[in-house]
Every structure is written in C-alpha cells, then in structure tokens.
Amino acid sequence: MAKEKTVYLCGACGYESAKWMGKCPGCGAWNTMEEQAPQQQAAPAKAIKQRPGIGSQALRLSEIPEESAERAKTGIGELDRVLGGGVVEGSLMLVGGDPGVGKSTLLLQVSENLARGGAKVLYISGEESARQIKMRARRLGAKSDNLLILSENAMDAAERRWEAVAPDYMIIDSIQTMYRPDMASAPGSISQVRECASVLMRMAKTTGCAVFLVGHVTKEGAIAGPRVLEHMVDVVLYFEGDRQHQYRILRAVKNRFGSVNELGIFEMRETGMQQVENPSEMLLSERAKNVPGSCVLPAIEGSRPMLVDVQALALQTAYGTPRRTTNGFDAGRLALLLAVLEKRAGLALLGQDVYINVAGGLDISEPAADLPLCAAVASSVRETCVPGDWAVMGEVGLAGEIRAISQAERRLAECRRLGFTTCVMPRENARHIHVPKDMRVYGVETLVEALSILIG
C-alpha cells in the first residue's frame, strides 16, 4: 500500500509546502512549518445569503444605502470604551491573553449582563464542563435564565445547537479547541482553526449574532493559530497583565468599528473583573514622593488622559559595559535619549547602569514621554527630586530641542483635576493653550532649560 503523502503548513501564515523548510517562503518566519495530513475535498458550502441593500452587481458609492451600526452595551464601561461604544450586531470579536489572566471570567460577566437585558446568550466551552462553568457563575453571581451553557467542541454538533437556540450573542471558549469531524487534522491545527472560524464568521454575518472568540496565545504573546484568523475577525482584543498582580489591561489592536488606541483597565477581585474608572488616581496611589528618579507624565491612551509615574534608577556600574534595562519603555528609544543627555546636557552616563520602570504595568510609546524620562534619569544621577506636584511632558530631539506634542490642553486638565500645581511642557504648546489660574506652566525650548527648572 502506498504511503500517504503529507503536507507542511506554516503556523504563522498558513503557507503550504510539499516538503519541510526552515524558513517559510510566505512570511519569512523560521521553524513554523508543521507536518499535517492532506485534507479531503469538502462539499461546496452553501451560498451565503446577500445582506439587505447589497446586490450581486457593482454599485456606485452614492447608491449604497447608509446604515448606522447599532451598538449594544455590555454593562462594563471599560469594555464598551475599548470596543468603540458597545457590541455591533453581527460582529466577530477575538479576545486573546495569557492563561489565567481572566478572559473567561470577563466574558462570563458580559454574558450575564447581556442576558439580564433580555438577550439570549449561548456560551459554548470546549475546555470546561458545564459544572465548572456553574462554579464560576456562582462566584460571579450569574444566574440569568437567558444564559445557556453548552460544553461541546465538535463544530457540527455546536452548529445544530445554535441553529435550534438562535442566540443573539455567542461566546466560543476557545477557538483552538473547536474542530470539524470531517477534517483529519487535530483540534488547534492551522486548518481546523481556519475552517471553524470561517463557519462562525458566516453564521455571524448572515444571522446578525455577535460572536466572541477566546484565543490562546503562544509563548511570544501572539494569538496561536494562523495569522489569517486575526484578518478574518472584526475586532482583536488583547488582555494583558500578570496573574500575580490584581490589575489587567484590555487593549484593542484591531477594530473595524472604532479606534485601536483605546485602553481599558480592570481589577481582578473574588467577585470577578471590576472596572477602574479613575486610572490616574490608581496609578499614582502608591507613588513615593520626594524621591530622586521619579517624574509624572500626563499620557494619552486613546481618548483618555492618565497620569503615569516614570521611574529611573542610575548607579555606578560594576561591569565593563553599563546595563540599560527598561520595563514599559522602548529600549532603543532609551539609548537615544541617554545619548542626548550626555551630549547636549553634559550628564556623565558612561559609567552608569540605568534602569527604567513605568509604574502600573503600562507600555508607554508616545513621544511625550521623552522629557519625563530624561528628567527622571537626571534626577537620579544628581540625587535631586523633581517636585511631587509637578508634571512633565514633551518630545526631545537629537539636537536637545523640545518639540510640541498633541492634546496638551487635555493633559493639563487631567493634571489640574488631580491637584498638580505646575507643568513643564514645550513652549510651542504653552503659547496656544489656556492655562488655569491656579496652575503654573513653564514653556521650554531646550533640554538644558527644562532640566535647570526641574532639578536645578
């Protein structure tokens, strides 16, 4: 009997090859080719019904009727903010995150809130039994009769159930555990994830049922399975946070119905995920005042201003090459700013180890963080404190100039709300904003001028 041939699929992009290769020709990734049995030719899928207002012929842009997407509130304000205002009918959403970060807990809370509002919600779990979900629901206080639980990972059986139930919302936990029995590959393989997601996408677009997919992540932090999965869905959310800490961050990396810059902050408690409505106060609640190496940045995450504590520690190195360690800040950007500090401000950093930390577990990448970081490093080196009720913002150029930043007035308003009395910002921004009477603003043009005001 002839040996059955196998094919090799790329785990990152789905590229198919007859032989194994170390580097994928499709996406250029290394060691992602996996051996799988060839798939049988499946029967052609049923034609997807045309949605109202769209015909089979090409239409002029002016002939297409305008339809505003209706959004349903999930009962969790932070999640609604990240989604762009709520859940859109017929949308397909993917939620990824590390094991134990709270994905299933958050979606079960969302299911309960939607069910209490009168919607029919179907929660399909391929990882847990119905009794396990019941235990979590008891802890969260979920008991609505409109919330239906199904423990199933066979796609054809789950399809028959949702056709009988006809839910308004559906949660699949997780997409990597679902499989189609007519395919020879194992659950979680590239072909299984792609085909199961295609079935769910077709169901969501034709019935108007909004679907949440839970996705596993790899050790690199990316969602497991083919990259095409993220292209198929409408929304991709990443749930970030350490299981040993109580705060979690929900970030949108793709959103066809809203901004991808929004950020939601949650706190893990015994009763589930609780939203943090005032993140600035939370991030500064444990800040050590009058300590060298600390500076407050009024950051902008999406449409929300929040105050962040940027910390720096500089000390004499014990190695031949000084160490540069960052947490929450780009290491390449840090090297650039340290070079500017040494060249333009005369700060001796050649024999100093420098450690940077953004308190609260946030990742700051905006240019406005340049000047606060330089101030924190200079404060640590000179052993001089930046005043505790001062905030700093501004972009630093290679020539030592301070460049203007966006939304300076909103940042200043957040500083005033939390009791800060003084702000150091680019002079170009200070010329064009309204300064409250109870606040003082210093407009600076160079890094040397800013440091002379902050630390003398």
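Reader: Before looking at helix 9 and helix 12, which angles between helix axes count as oblique?

Author: Angles under 35 degrees count as roughly parallel and those over 145 as roughly antiparallel, while 65 to 115 counts as roughly perpendicular. An angle that falls in none of these ranges belongs to the rest, and the rest count as oblique.

Reader: How are helix 9 and helix 12 oriented to each other in this structure?

Author: This is a predicted model, and in it the axes of helix 9 (residues 370-382) and helix 12 (residues 447-454) come within 10 Å and cross at roughly 55 degrees. Helix 9 passes helix 12 in a right-handed crossing. Since angles outside the parallel, antiparallel and perpendicular ranges count as oblique, helix 9 and helix 12 are therefore oblique.

Reader: What is the orientation of helix 2 relative to helix 3?

Author: The axes of helix 2 (residues 103-116) and helix 3 (residues 130-140) come within 11 Å, and they cross at roughly 65 degrees. Because the range from 65 to 115 counts as roughly perpendicular, that angle makes helix 2, relative to helix 3, roughly perpendicular.

Reader: Is the crossing of helix 2 and helix 3 left-handed or right-handed?

Author: The crossing in question is the one where the two axes come within 11 Å. As helix 2 passes helix 3 there, the crossing is right-handed.

Reader: Which strands are the edge strands of the nine-strand sheet?

Author: The nine strands form an open sheet with mixed pairing, in the order 8-7-9-10-6-11-12-13-14, and the twist averages 25 degrees from one strand to the next. An edge strand here pairs on one side only, which is the case for strand 8 (147-151) and strand 14 (272-275).

Reader: Which residue in strand 8 is the bridge partner of Ile-124?

Author: Strand 7 (residues 121-125) and strand 8 pair in the parallel sense, and five bridges are found between them. In strand 8, the bridge partner of Ile-124 is Leu-150.

Reader: Strand 12 pairs with strand 11 and with strand 13, so which residue of strand 13 stands opposite Arg-251?

Author: Strand 11 (residues 235-240) pairs with strand 12 in the antiparallel sense over six bridges, and there Val-236 stands opposite Lys-254 of strand 12. Strand 12 also runs antiparallel to strand 13 (residues 263-269), to which five bridges join it. In strand 13, the residue opposite Arg-251 is Leu-263.

Reader: Which element gives the most to the lining of the second largest pocket?

Author: The second largest pocket has a volume of about 590 Å³, and among its 23 lining residues His-245, Tyr-247, Ala-359, Gly-360 and Gly-361 lie nearest its centre. The elements that give two or more residues to this lining are strand 12 (247-255), helix 7 (279-284), strand 16 (304-316) and strand 18 (352-358). With three residues, the element that gives the most is strand 12.

Reader: How many residues of that lining are polar?

Author: The lining of the second largest pocket divides into nonpolar, polar and charged residues, with seven nonpolar and seven charged. The polar residues number nine.

Reader: In the sheet of three strands, which residue of strand 3 is the bridge partner of Tyr-8?

Author: The three strands form an open sheet in the order 2-1-3 with antiparallel pairing, and its edge strands are strand 2 (16-17) and strand 3 (33-36). Strand 1 (residues 7-10) pairs with strand 3 in the antiparallel sense over four bridges. In strand 3, the bridge partner of Tyr-8 is Glu-35.

Terms used. Residues numbered from 1 in each chain as written. Predicted model: local features only at pLDDT ≥ 70, side-chain atom pairs only at ≥ 80, totals over all residues. Heavy atoms only, no water. Pairing = 2+ DSSP bridges. 1 Å grid on protein atoms, 1.4 Å probe; cavity = no way out; pocket = protein on both sides within 12 Å on 5 of 7 lines; lining within 4 Å. Points joined across faces, edges and corners; volume = space filled by probe spheres on them. Nonpolar A, V, L, I, M, F, W, Y, C, P; charged D, E, K, R; others polar. Axes fitted to C-alpha atoms, helices over the stretch in contact; angles between N-to-C directions. Left-handed = near helix turned anticlockwise from the far one by under 90°.
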